[in-house]
Amino acid sequence: MIIFRYISREVLLNMSAVSGILLLIIMSGRFIRYLTNAAAGKYSVDTVFLFLWYRLPGFLELILPLGLFLGILLAYGRLYLESEMAVLKATGMSQRRLSLYTLGPAAVVAVLVGVMSLWLAPAGVQKTEAVFQQSQQNALDSVVPGRFQKQPDGIRSTYVEKLSDERQMQGIFVSETQPGKSLAVVAADSGRQIIDPDTGARYLVLENGFRYEGQPGDAKYREIQFSEYGIRLPDSRDEPEVSGVDMAPTAELFGGDAQETAQLHWRISLPVMCLIVALLAVPLSKTNPRQGRFAKLIPSILLYLVYLLLLTNTRSLVEDGKSPVIAMWGVHLLFFGFAMSLLFARGFWERLGNQFGLVTGKLSIKKLRKGKADNA
């Protein structure tokens with residue numbers, strides 16, 4: 001039990017460190033992306049942190065399996081490097097027993113990932129969509145007084161001098177530039193936003209102002225004075241990128257179409273993936289102290305990427321109706337079988353590696369001799 005607690009602590013500590021770094025990188029990139037869109041007036045700045053908070057389970061459900069895989073590699077690599085694994089083997093610790101011990105923390109991570117993928121992530125996506133729709137209902141939330149802002153349609157720029165607590169605008173300037181058309185400039189004393197109850201369309205209603213149309217540098221232009229003037233606001237749909245199946249509760253995916261079936265099995269696949277990569281990481285973490293702690297890190301990461309890419313591509317085929325859903329579980333079975341072969345038939349892989357090294361060594365010697373002969 002002492003050894004189990006020690007191994008579990010090492011694995012979980014390394015997993016937490018790796019997952020924290022990966023999460024920081026992903027969250028930073030998303031934060032910059034959301035903040036850029038908020039500065040462009042696509043939604044309010046206040047919603048940026050809500051987007052990040054609600055999408056956090058969706059990020060973690062993909063980060064934790066990779067963090068667990070790398071955590072095992074780094075933890076056991078250190079044990080091999082410092083000869084602690086040799087001491088454990090001297091006390092009767094076999095690699096199969098080590099794999100059983102590793103499944104303990106892996107099961108905890110798998111349960112956590114399962115909770116996120118089956119419940120928290122869909123609920124977070126649904127909350128994100130609700131916040132986004134609410135921000136779209138009031139485009140004035142993204143208005144910053146005293147700053148020129150380009151609207152999502154790309155043809156309209158606005159300027160508001162003041163914005164009251166009741167979201168009433170004062171001192172409004174709007175310019176519209178469309179290819180092949182005259183420049184239109186609208187200046188008004190005040191304005192407000194209204195929503196058509198029948199169509200849901202949003203309009204900016206300006207009061208007491210002027211509209212000017214004409215070509216820059218041309219004295220011929222048209223001036224219109226108005227007491228009330230309406231401008232339809234564009235329906236921006238840039239962020240966040242979600243779909244119906246992403247926000248659907250897991251219980252509603254049973255017995256659905258191809259996309260819903262693929263989404264259901266994808267959510268179940270993530271916790272299963274945690275257990276399989278844990279079994280893969282145990283034999284892959286075995287290193288020679290002379291090789292260093294990170295000798296097998298890059299090949300192991302490439303193997304993980306192949307696993308993830310095969311799974312995501314198979315999911316896409318299932319969504320398109322080009323493959324049965326059993327193909328997704330065929331990918332899991334393939335890598336589970338590979339993990340079992342590494343555990344129970346390690347001698348075969350070692351002989352294969354020796355043969356490969358022998359062949360590459362002979363080829364290197366032949367190239368070296370050929371190079372010396374050419375130089376001579």
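Rings of Phe, Tyr and Trp, the last represented by its six-membered ring, form a pair if their centres lie within 6.5 Å, and such a pair counts as stacked when the planes are under 30 degrees apart. The model treated in these exercises is predicted, and it holds seven aromatic pairs.

**Exercise 1.** Classify the pair of phenylalanine 69 and tyrosine 304, and locate its partners in the chain.

*Solution.* The ring centres are 5.5 Å apart and the planes stand at 25 degrees, so this pair is stacked. Phenylalanine 69 belongs to helix α2 (residues 46-81) and tyrosine 304 to helix α7 (residues 297-319), so that the pair links distant parts of the chain, 235 residues apart. Both phenylalanine 69 and tyrosine 304 are buried.

**Exercise 2.** Do the same for tyrosine 307 and phenylalanine 335.

*Solution.* With ring centres 4.3 Å apart and planes at 15 degrees, this pair is stacked as well. Because tyrosine 307 lies in helix α7 and phenylalanine 335 in helix α8 (residues 326-344), the pair ties together parts 28 residues apart in sequence. Buried means under 20% relative accessible area; tyrosine 307, at 1%, counts as buried, and phenylalanine 335, at 5%, is buried too.

**Exercise 3.** Check the span of α8 and determine how its buried residues are arranged around the axis.

*Solution.* At 1.5 Å a residue, the 19 residues of α8 should span 27 Å, which agrees with the 26 Å between its end C-alpha atoms. The buried residues of α8 are Met328, Val331, His332, Phe335, Ala339, Leu342 and Leu343. They cover an arc of only 115 degrees around the axis, and therefore lie on the same side of α8. On the other side of α8, Ile326, Leu333, Leu334 and Phe344 are exposed.

Key
Residues numbered from 1 in each chain as written. Predicted model: local features only at pLDDT ≥ 70, side-chain atom pairs only at ≥ 80, totals over all residues. Heavy atoms only, no water. Phe/Tyr/Trp six-rings, centres within 6.5 Å; stacked < 30°, edge-to-face > 60°. Helix = DSSP H or I, 4+ residues; strand = E, 2+ residues; numbered from the N terminus. Buried < 20%, exposed > 50% of the residue type's maximum accessible area, 1.4 Å probe, protein only. Expected span 1.5 Å × (residues − 1). Arc of directions from axis to C-beta.
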